[in-house]
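Here's an informal walk through the model below. Have the viewer open and follow along section by section.

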Amino acid sequence: MQNLSARQNELIQLPIHSIIFLEGVAGTGKTTAAVGRLLTLIQQGIPAQQIFILVPQRTLAQPYREVTNDPDLPPGGAVTILTIGGLARRLVELFWPEIAESAGFHYPEVPPTFLTLETAQYFMAKLVRPLLEKGYFASLSLDPNRLYSQILDNLNKAAIIGIPYTEIGGRLKSAWNGSPGQLRVYDDVQECASLFRQFCFEHNLLDFSLQIDLFLTHLLPNPMVKAALNQQYRHLIADNLEEDIPVTHEFIRQWLPHLESALLIYDLGGGYRVFLGADPTSAYSLKDRCSQKIQFDASFIHDDPQRNLLEMMNCSLNDILPPSPTSELRTRLQTISQRFYPQMLDLVTKRICTLINEEGISPQEIVVLAPYLNDSLRFSLTNRLERAGIPVRSHRPSRALREEAVIRTMLNLAVLAHPQWLERVPLNKADLAASFFLTLDGLDLIRAQLLANSVYFEQNKKGKLAPFEKIAPSIQERITYRIGEKYERLRTWITEYASQPAQELELFFIRIFDEILTTPGFRFYQNERAGELVANLVESVQKFRWSIPPSLPLGAAESGLEYIQMLQEGVIAAQYLRSWEREASEAVFLAPAYTFLLANRAVDVQIWLDIGSSGWYERLFQPLTHPYVLSRNWENGKVWTAEDEQRVSQQNLSRIVLGLLRRCRRMVWIGFSELGESGFEQRGLLLRAIQRTLEIINQEQSNG
Amino acid sequence: MLKLPVDFTFNQSNLQDFLECPRRFYLGHVRRLLWPNREMSSESANQRRLQLGKTFHHLAQQKALGIADEKIQRQVATQSLEIQSWWQTFSEWWENSVNRDLNGDRYAETILTTGLSGSRLVAKYDLLVIHPEGDVTIFDWKTVTHPIPTKYLSQHVQSRVYPFVFSRAYAALLSGRKIAPEQVTMVYWFTADPFHPQRLTYHSRQYEVDEDYLIHLLTDILQRTDKDFPLTTNEKHCAHCVYRTYCDRRVSDKDEENRLDENDNPPLVFPEDWEQVSEINY
């Protein structure tokens, strides 16, 4: 490893048998030092398979993953890199026969079914829907899918702070000081959460919360599990502890006395995942358990002006008297200002071009950040940058399958092949025309509409497609016989399929893709994008079907229909990782601010958009849950007030702004329009703080 | 020079893909192209076999971890008849072997890895037994329908990769103790013939031959460009390939039936893709 500081080398060279707590703000080289320590352990003969690396989310494992793949590492075992969720799942799978009965599952001899967020939401919907009809949650106007996910979120929060799930409603109620009607809502939340948990025990279903619960209450105390963990792993590196959940900290606390070495890393000023249960306070309490305490202070990222900018912003955010701005500061914080949003985006694009083409900044050293990255902003800016010839990649972690035209086409074809579904999943001519257009090569939209109008009759609800030969000759000619021949191949295949007993939905998708849509003459022929999407769809259907436990059998046709309905209603988003994961990284990066913060990297230039938005600091509207009340740091019984809300908003804003600045080497540009994206005048805490900072800089400059 | 994904490592499964069809290797492991195919369907015979194999390996790992037989047996009783039958013979074989082949320190589902030709080569072992006298047995559970004769097994890339990687990386398990390749035996245990495992003994000469072979193979792959991964000329390899429609190598149902009748020529392909090592499981 090269260019390590003396402090980093000191840490790396500490005796192997050390229990170390390393803290420091972002950019002080903590992870680099930890990677160096890992290499040193291996080079000094510690078997790699005895080393356990724990991270709060998989993106944060990247530096460790890269180094363990280095061909120059000596031969040996493999380092284990896991999140606490991954570890819990792995242990539950392996030791299920040891714990299932005592944990209270109704079929301990049958392996459990692990639920994804989506399949958990599906079962929650099954249980809660009948209650909604009975008037539960009647006082709320909330999309049912958000309602299901917030009840699940409550179960997760209870599990990760280690309280019984039966206390969720009580805790939420005791902190509430608004209208009494909400108390009834919390009772409903508790009832639904309890119902869900009971259902999981009855059918061996394991959502995230139950996996974590089992991990804490049944696996960790189990002597066989303890022995297996202690024999296998002797050395621990836990990074970004401040982003991890209290259960992780509890696990480490219990494990530390049995380990030969540990390196616990804490990012001062972090804790961005509080909404997901991260608990920096609980993480910091581990410091007392470590014999060596080290702090890194020197930033590898900041020069003096950048440090000055960070101090100025800190003062503006917290109403502290600011230091004098350095003369260079004006170039470190600049604005791109316009009255209207689209004009501002034009100027942002122009600025990025200048940075790359004239100032020689590499595209991957530029990030454009906003509190949320909605489709409209993503499209508008990506489009502008691409037109300017600037490589760009955007990050939204996932995208719902049903938003893709290819997937809608596959669903439409599935409905045609299962006409009995039409009663519950109607198909109209416009959708059918779009499906023809997307599948029959050489067909344009106008003729696709003509074809759909001529062969499909919605009102008879039989879903049958008429043969091409039955179309009036003049229309046949307009559509062309060449298209007619392709249409006939598709129609015949569907008709034959529909005449047979239904197969599993995934097999239907595979077969129609394999036997028709990828043959010459159809648009999916060697179409990689379509292939990727359909493969994702098949996987999603499979996961859904596999989540149905043997105790709740569903036939092929029923499970297929259930899947399609759930997908269309948005209960199952069937989200998939977009191909950005495989895209080249040499591009300007568009991302929500939190995503960038958790990518653990610094860049030369940051461009902040939507600074008037309250999304930079306000928590999401979640009437059924509360990330601060369902926390170990909240005193049970205390009432949550408007002052508390304001305090955490202010904390969040400071944390995010300072976190971003600590990850910026050279300059921040503020993209500002008087009227925001939706046409309203911009205001907000961040805007005010930036204005204050700019005023001081400008004043100082005019004085100087 | 080939640009591989940052987390790519070589293993017996992707090397076998390359040997059977360079194009399959390229599409699957370099481009990581997702392509829907019949093998994905749980109604396909291969997928079903894969699921059975996974269940069996999982149970074997639980047994090696020391979970009580009666607890595992209660799980087995809820599984398919095939699993029940496999497990019964496996348990009998295990009992008979405890004081012989299984005598020693046991490591289930262990990953070992070594650098080679500027890349990493990884092997995931179903079970490693370090015997008290210092010899080592590598066990690999095979749930294919027919046992595979030794002459075919010895040519399979897995039979080269596993003892070779072990001979390089054993120190990780043996705390610095040295062993010679002659002390390593690879045992393929077949559910289809449980009492006649196939044993392949290893030796120094074979280690050298394998080292040369693997260096050449990896170098050959790494030196190629994106255009140097042609389709196989042996279309039999396309029968179960996930990319057969992408490559326009469609197999009719009749071809499929004929292929399944060819018992005289046992397949060298082990459809057990859980052996593909996933370095990081979350």
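## A proline in a loop

A:Pro164 is partly exposed, with a relative accessible area of 40%. Look for A:Pro164 in the loop that runs between α6 (144–161) and α7 (168–175) of chain A. Keep in mind that this is a predicted model. From A:Pro164 to A:Asp213 is 49 residues in sequence, and the C-alpha atoms of the pair sit 8.9 Å apart in space.

## Two positive phi angles

Most residues other than glycine have a negative phi. Here are two residues to check against that. A:Asn600 isn't a glycine, yet its phi is positive, near 55°. You'll find A:Asn600 in the loop between α25 (593–597) and β16 of chain A, and it's partly exposed, at a relative accessible area of 32%.

Over in chain B, B:Arg32 has a positive phi of about 50°, and it's not a glycine either. B:Arg32 also belongs to a loop, the one between α2 (22–30) and α3 (45–65) of chain B. With 31% relative accessibility, B:Arg32 counts as partly exposed.

## Two acids in strands

Is A:Asp604 buried or exposed? Its relative accessible area is 12%, under the 20% cut-off, so A:Asp604 counts as buried. A:Asp604 belongs to strand β16 (residues 603–608) of chain A. Its side chain has a polar partner: the side chain of A:Arg665, at 3.1 Å. Setting aside neighbours within four places in sequence, A:Asp604 is in contact with A:Ile361, A:Glu365, A:Cys664, A:Arg665, A:Arg666 and A:Met667.

A:Glu23 is an acid in strand β1 (residues 19–25) of chain A. A:Glu23 is buried, with a relative accessible area of 3%. Which side chain does A:Glu23 meet in a polar contact of 2.8 Å? That's the side chain of A:Tyr284. Apart from residues up to four places away in sequence, A:Glu23 touches several others, among them A:Lys30, A:Tyr266, A:Leu268, A:Lys287 and A:Phe296.

## A methionine at 0%

A:Met410 sits in helix α17 (residues 405–417) of chain A. Its relative accessible area comes to 0%, so A:Met410 is buried. And what's around it? Not counting neighbours within four places in sequence, A:Met410 contacts A:Phe508, A:Phe509, A:Ile512, A:Leu517, A:Phe524, A:Val534 and A:Leu537.

For a sense of distance along the chain, try A:Arg393. A:Met410 and A:Arg393 are 17 residues apart in sequence, with 28 Å between their C-alpha atoms.

## Where the chains meet

How much area do chain A and chain B bury between them? It's about 4600 Å², of which 56% is on carbon and sulfur atoms. On the chain A side, A:Asn69, A:Leu94 and A:Glu528 lose the most area to chain B, and together they make up 13% of what that side buries. In residues, the contact draws 58 from chain A and 49 from chain B.

On the polar side of things, 15 residue pairs are in polar contact between chain A and chain B, both at pLDDT 80 or more. The interface also has three salt bridges by the rule used. B:Arg38 and A:Glu515 meet through their side chains in a salt bridge, at 2.2 Å from N to O. Several elements of chain A supply at least two residues each to the side that touches chain B: α3 (62–68), β3 (76–77), β4 (80–82), α4 (84–103), α22 (505–517) and α23 (528–546). Of these, α23(A) gives the most, with 10 residues. By type, the residues on that side of chain A split into 25 nonpolar, 15 polar and 18 charged.

## Chain B and its helix α5

Chain B has 10 helices and six strands. Its 282 residues are 52% buried by count. Among contacts in chain B with a separation of 6 or more, 70% come from residues 24 or more positions apart.

Now take helix α5 (residues 81–97) of chain B. How far apart should its ends be? At 1.5 Å a residue, its 17 residues should span 24 Å, and the end C-alpha atoms are indeed 24 Å apart, so the two agree. The buried residues of α5(B) are B:Ile83, B:Trp86, B:Trp87, B:Thr89, B:Phe90, B:Ser91, B:Trp93, B:Trp94 and B:Ser97.

Methods. Residues are numbered from 1 along each chain as its sequence is written. Chains are lettered from A and ligands numbered from 1 in the order in which they are written. Side-chain values use heavy atoms; hydrogens and water are left out. Helices (H or I, at least four residues) and strands (E, at least two) are DSSP runs, numbered from the N terminus. The expected span of a helix is 1.5 Å times one less than its number of residues. Buried means under 20% relative accessible area, exposed over 50%, partly exposed in between (1.4 Å probe, protein chains only). A polar contact is a pair of N or O atoms within 3.5 Å; within protein, one must be able to donate a hydrogen and the other to accept it, and residues adjacent in sequence count only if both atoms are side-chain atoms. Contact means heavy atoms within 4.5 Å. Buried area is the accessible area (1.4 Å probe) that two parts lose on being put together, summed over both. A salt bridge is a side-chain nitrogen of Lys or Arg within 4 Å of a carboxyl oxygen of Asp or Glu. Ala, Val, Leu, Ile, Met, Phe, Trp, Tyr, Cys and Pro count as nonpolar, Asp, Glu, Lys and Arg as charged, and the others, Gly among them, as polar.
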